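Biologist: I would like to learn how to read a structure of this kind. Could we go through it feature by feature?

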Amino acid sequence: KAKELGRNNFQYFSAEMNSSVTDRLELLNRLRQAITNEDFVLHYQPKVSLASHQIIGAEALVRWNSAHSGMVSPASFIPLAEETGLIIPLGEWVLRTACRQNRAWQDAGYPPIPISVNLSPRQLARGDIVEMVERILTETGLEAQYLELEITESVMTTDVEKSFALLTRLRSLGVKISLDDFGTGYSSLSYLKRFPVDTLKIDQSFVRDIATDQDSAAIVKAIISLGRNLNLTVLAEGIETEDQFQFLLANGCDEGQGYLMSKPVPNKNFVDLLTQ
Ligand code: C2E
Ligand code: MG
Ligand code: MG
Ligand code: MG
């Protein structure tokens with residue numbers, strides 16, 4: 001009986017596996033096609049000064065505008081793009097589109113703000129990232145000071161010397177660097193002191209619970225004081241409530257981003273925010 005069950009389980013498991021491999025291949029094919037067709041759009045989420053409520057920046061976040069399944073969230077295709085290397089052409093498209101858009105806002109007379117673009121570890125690992133950034137800045141006519149690159153802590157822990165050299169070169173172009181999802185990785189504080197970084201972005205998982213959980217509140221306060229002591233700008237991600245906003249302001253956090261101020265929005269809506 002056990003044998004029978006086991007065999008059934010095996011068949012069931014193997015059918016599941018086949019279907020998930022097929023799904024993955026199908027997704028991969030559609031993603032590859034989408035990159036060729038440039039079926040993506042960027043949404044922009046404002047970054048604000050907590051003290052003044054002014055928009056001091058924008059983060060570009062990619063969405064896949066898929067004929068097959070509508071607007072697809074990056075969480076469901078960035079990991080696959082990373083694994084397969086498709087993040088290289090996709091990431092270049094994102095960077096070019098974001099820089100071009102920021103240049104267009106400036107040309108339209110809006111006060112200049114930096115645009116932040118997420119870089120995945122794989123893009124840094126390629127080694128030609130500095131040349132790509134330089135080329136795209138030239139191509140789009142955007143000044144380097146209006147571009148910020150968001151990297152995650154993992155960059156500081158894998159191939160430390162190489163990452164250090166790349167970030168130093170990027171920064172000497174005049175580009176800003178921020179550490180995304182800060183607090184969730186395993187970066188050593190001594191690297192943080194050494195690494196060329198401008199901003200710490202406190203991960204939204206800590207921000208979510210600051211009003212209700214003492215540990216999250218303590219972690220957020222510690223990150224803010226760490227950032228201040230190292231002369232870094234500190235930004236909190238995922239601010240959804242007035243209570244969270246007030247807590248962060250009262251504890252010396254400089255900047256914030258979150259649904260309380262605005263969700264990421266298409267260009268036409270972002271321009272309305274800049275006008276207000
Ligand atoms: P991230 O860079 O940490 O971006 C923040 C994510 O939190 C975004 O999700 C944003 O929409 C969401 N968010 C912002 N405010 C709030 C809030 O108040 N509450 C909640 N619950 N969520 C909020 P999104 O756009 O789905 O992006 C998810 C992740 O996908 C990003 O996390 C980033 O790691 C990655 N990603 C997005 N665009 C790109 C890209 O162009 N290139 C790369 N390499 N990764 C990207
Ligand atoms: Mg980010
Ligand atoms: Mg983040
Ligand atoms: Mg995140």
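Modeller: We take the metal site, the ligand pocket and the backbone angles in turn. Keep in mind that this is a predicted model.

Biologist: Which residues coordinate the magnesium ion (ligand 3)?

Modeller: The donors are side-chain oxygens of Asp180, Asp181 and Glu237, with Glu237 listed twice, at 2.0 to 2.5 Å. Along the sequence these donor residues follow the spacing D-D-x55-E. Asp181 belongs to strand 6 (residues 176-182), while Glu237 sits in the loop between strand 8 (233-236) and helix 11 (242-250), so the pair ties together parts that are 56 residues apart in sequence.

Biologist: How far apart are the magnesium ion (ligand 3) and the magnesium ion (ligand 2), and which residue coordinates both?

Modeller: The two ions are 4.1 Å apart, and Asp180 coordinates both.

Biologist: Is Glu237 buried or exposed?

Modeller: The cut-off for buried is under 20% relative accessible area. Glu237 has 8%, so it is buried. Asp181, at 27% relative accessibility, counts as partly exposed.

Biologist: Now the ligand. Which residues come nearest to ligand 1?

Modeller: There are 22 residues around ligand 1, and the nearest are Arg63, Asn118, Asp180, Glu240 and Tyr259. Strand 2 (55-66), helix 3 (87-107) and strand 6 each give at least two residues to the shell. Strand 2 has the largest share, with four residues.

Biologist: Which polar atoms lie by the oxygen atoms of ligand 1?

Modeller: Arg63 places a polar side-chain atom 2.9 Å from an oxygen atom of ligand 1. For Asp181, also a donor to the magnesium ion (ligand 3), a polar side-chain atom is 3.1 Å from an oxygen atom of ligand 1. Tyr259 uses its backbone instead: an N or O atom there is 2.8 Å from an oxygen atom of ligand 1. Ligand 1 taken alone exposes 810 Å², of which the protein buries 82%. The space that ligand 1 takes is the largest pocket.

Biologist: What should I look for in the backbone angles?

Modeller: Most residues other than glycine have a negative phi. A positive value is therefore worth noting in a residue that is not glycine.

Biologist: Where does Asp159 lie, and what is its phi?

Modeller: Asp159 is in the loop between helix 6 (154-157) and helix 7 (160-173). Its phi is positive, about 50°, although Asp159 is not a glycine. With 52% relative accessibility, Asp159 counts as exposed.

Biologist: What is the phi of Asp181?

Modeller: Asp181 has a positive phi of about 55° and is not a glycine either. Asp181, however, lies in strand 6.

Notes:
Residues numbered from 1 in each chain as written. Chains lettered and ligands numbered in written order. Predicted model: local features only at pLDDT ≥ 70, side-chain atom pairs only at ≥ 80, totals over all residues. Heavy atoms only, no water. Donors = N, O, S within 2.8 Å, 3.2 Å for Na, K, Ca; no water. Buried < 20%, exposed > 50% of the residue type's maximum accessible area, 1.4 Å probe, protein only. Near = heavy atom within 4 Å. Polar contact = N/O pair within 3.5 Å; in protein donor to acceptor, adjacent residues only side chain to side chain. Areas by Shrake-Rupley, 256 points an atom, 1.4 Å probe, with all protein chains shown as cover. 1 Å grid on protein atoms, 1.4 Å probe; cavity = no way out; pocket = protein on both sides within 12 Å on 5 of 7 lines; lining within 4 Å. Sits in = over half its atoms within 2 Å of the grid points.
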